[in-house]
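The following exercises are to be worked through with the sequence and the structure at hand. Each task is followed by its solution in steps.

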Amino acid sequence: MAFKVAVLPGDGIGPEVVAEAVKVIRAVSSDFEFEEALIGGIAYDQTGHPLPAKTLDLCHEADAALMGAVGGPKWDNIQPTSLRPEVGALLALRSELNLYSNVRPAKTMKALLTASPLKGDHGMIDLCVVRELTGGIYFGEPRERRENGTVAVDTCIYSRAEIERITLNAFDVARARRREVVSVDKANVLETSRLWREVVTELAAQNPDVKVTHMLVDNCAMQLIRDPRQFDVILTENMFGDILSDEASMITGSLGLLPSASLSDAKGDLPFGLYEPVHGSAPDIAGQGRANPVATILSAAMMLQYTFKNLEAAKRIEDACNKVLESGLRTADIFEPGCQLVSTSKLGDAIAAAV
Ligand code: NAD
């Protein structure tokens, strides 16, 4: 039986990079059927909503979803804000599909080490941030203005159950890596962090095959620059994860290379996931064949690994990306003298051929 993948190209460079990822999956396996649906600004233009019911239904039916990116200047001022692509499509999709775990690997490609802002081998990292995605201060209520708008309130709230499920998920991610988890919190100040540390400590005792340590978030921000190679898996809550995953990803040197997975509970045997590049819709280069498709292709590899448990196919895609970049083919964003400048689809063709 074929697995069903919802394909959500979205806006800007989204359709260009998603097409290359589908091309590469087809080259590696014939187990998948793909069905496309509208999301983002283009969906708003055509249906009046950035996340049409039909798209949501398809995601509920599918085993996994592969997304490009949403948003762009054309839709920045839509009112009400809830109809803007980033809010009405992206945040809505996360909460509708219960995507509570955001997994963001940051791995420097050997061929691109010079792009890292850190000197020498320091930038050669292979770590993964597991960020809680549907709780904490981004979702807590009340969130309001008081006293004629002169006072603002946000609420950070976490339950034991929310911390348990993300922690167990981080342990699973660690089991496919070096089995070391650093749990990041602010337990010297915040009550939510004290609960976080309590729960992670309890679960660590029940899962002795994973080595768990704790670190305060300010120290972690510093350690990521001082010695990023000490980290395997960083487990953290929503807002800290938002900031630390961006910091970690920039150590690898290029936004166009970074994949991500947002995971939910299993549908049957398969954990449902939404897979997408970390970058946005890059309206400045859309439609010009200049977008780097590698982040989306690596997101497809994560889909094979995390939802479909096909580690061999995932590794073949990752190796193919490395091989093609090492051979000197480059899109403009990672171009260096001596390399060959190619278009989005030419790079996708080369990676599909290399798998
Ligand atoms: P962006 O990531 O789209 O672009 C930042 C810069 O990086 C641009 O110069 C762009 O050309 C370049 N870039 C990004 N991806 C690239 C790729 N694959 N290949 C080559 N170059 C690439 O960020 P932005 O400009 O801040 O946002 C543009 C739009 O995307 C906004 O509307 C924003 O809200 C939206 N956005 C969407 C998502 C998402 O859908 N998950 C994430 C971030 C931003």
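**Exercise 1. The faces of two helices**

The buried residues of helix α7 (residues 217-226) are V217, C220, Q223 and L224. They span an arc of only 110 degrees around the axis, which places them on the same side of α7. The model examined here is a predicted one.

Task: State which elements the buried residues of α7 pack against, and determine which residues of α10 are buried and which are exposed.

Solution.

Step 1. The buried residues of α7 pack against strands β5 (126-132), β8 (180-185), β9 (211-216) and β10 (233-236), and against helix α8 (238-251).

Step 2. In α10, the buried residues are A313, A314, I317, A320, C321, V324 and L325. Their arc around the axis is only 125 degrees, and they therefore lie on the same side of α10. An α-helix has 3.6 residues a turn, so residues three or four places apart point the same way.

Step 3. L311, E312 and K323 are exposed on the other side of α10. The partners of the buried residues of α10 are α1 (14-28), α9 (294-306), β13 (329-330) and α11 (344-354).

Step 4. The length of α10 can be checked as well: its 16 residues (311-326), at 1.5 Å a residue, should span 22 Å, and this agrees with the 22 Å between its end C-alpha atoms.

**Exercise 2. Two residues with polar side chains**

Task: Decide whether T236 is buried or exposed, do likewise for S281, and identify the backbone oxygen that each side chain approaches.

Solution.

Step 1. T236 is located in strand β10. Its relative accessibility is 0%; buried means under 20%, so T236 is buried.

Step 2. A polar atom of the T236 side chain lies 3.0 Å from the backbone oxygen of V184. Beyond four places in sequence, T236 touches V130, R131, E132, V184, W196 and G241.

Step 3. S281 belongs to the loop between β12 (270-277) and α9. With a relative accessible area of 7%, S281 is also under the 20% limit and is therefore buried.

Step 4. The side chain of S281 reaches the backbone oxygen of G71 at 2.7 Å. Outside its neighbours within four places in sequence, S281 contacts D11, G12, I13, A69, V70, G71 and G72.

**Exercise 3. The surroundings of the ligand**

Task: Establish how many residues surround the ligand and which polar atoms approach it.

Solution.

Step 1. The ligand is surrounded by 20 residues, of which the closest are V70, E86, G280, A282 and N292.

Step 2. A side-chain N or O atom of E86 is 2.4 Å from an oxygen atom of the ligand. For E276, a side-chain N or O atom is 3.3 Å from a ligand nitrogen. N292 contributes a backbone N or O atom, 2.8 Å from a ligand nitrogen.

Step 3. Taken alone, the ligand exposes 810 Å², and the protein buries 68% of that area.

**Exercise 4. Backbone geometry**

Task: Locate the cis peptide bonds that precede P80 and P142, and describe phi at R179 and K309.

Solution.

Step 1. Most residues other than glycine have a negative phi, and most peptide bonds are trans.

Step 2. The bond from Q79 to P80 is cis, with omega near -5 degrees; P80 sits in the loop between β3 (64-69) and α4 (85-96). The bond joining E141 and P142 is cis, with omega about 0 degrees, and P142 lies in strand β6 (residues 140-146).

Step 3. R179, although not a glycine, has a positive phi of about 60 degrees; R179 is partly exposed at 35% relative accessible area. K309, likewise not a glycine, has a positive phi of about 55 degrees and is exposed at 52%.

Terms used:
Residues numbered from 1 in each chain as written. Predicted model: local features only at pLDDT ≥ 70, side-chain atom pairs only at ≥ 80, totals over all residues. Heavy atoms only, no water. Helix = DSSP H or I, 4+ residues; strand = E, 2+ residues; numbered from the N terminus. Expected span 1.5 Å × (residues − 1). Buried < 20%, exposed > 50% of the residue type's maximum accessible area, 1.4 Å probe, protein only. Arc of directions from axis to C-beta. Contact = heavy atoms within 4.5 Å. Near = heavy atom within 4 Å. Polar contact = N/O pair within 3.5 Å; in protein donor to acceptor, adjacent residues only side chain to side chain. Areas by Shrake-Rupley, 256 points an atom, 1.4 Å probe, with all protein chains shown as cover.
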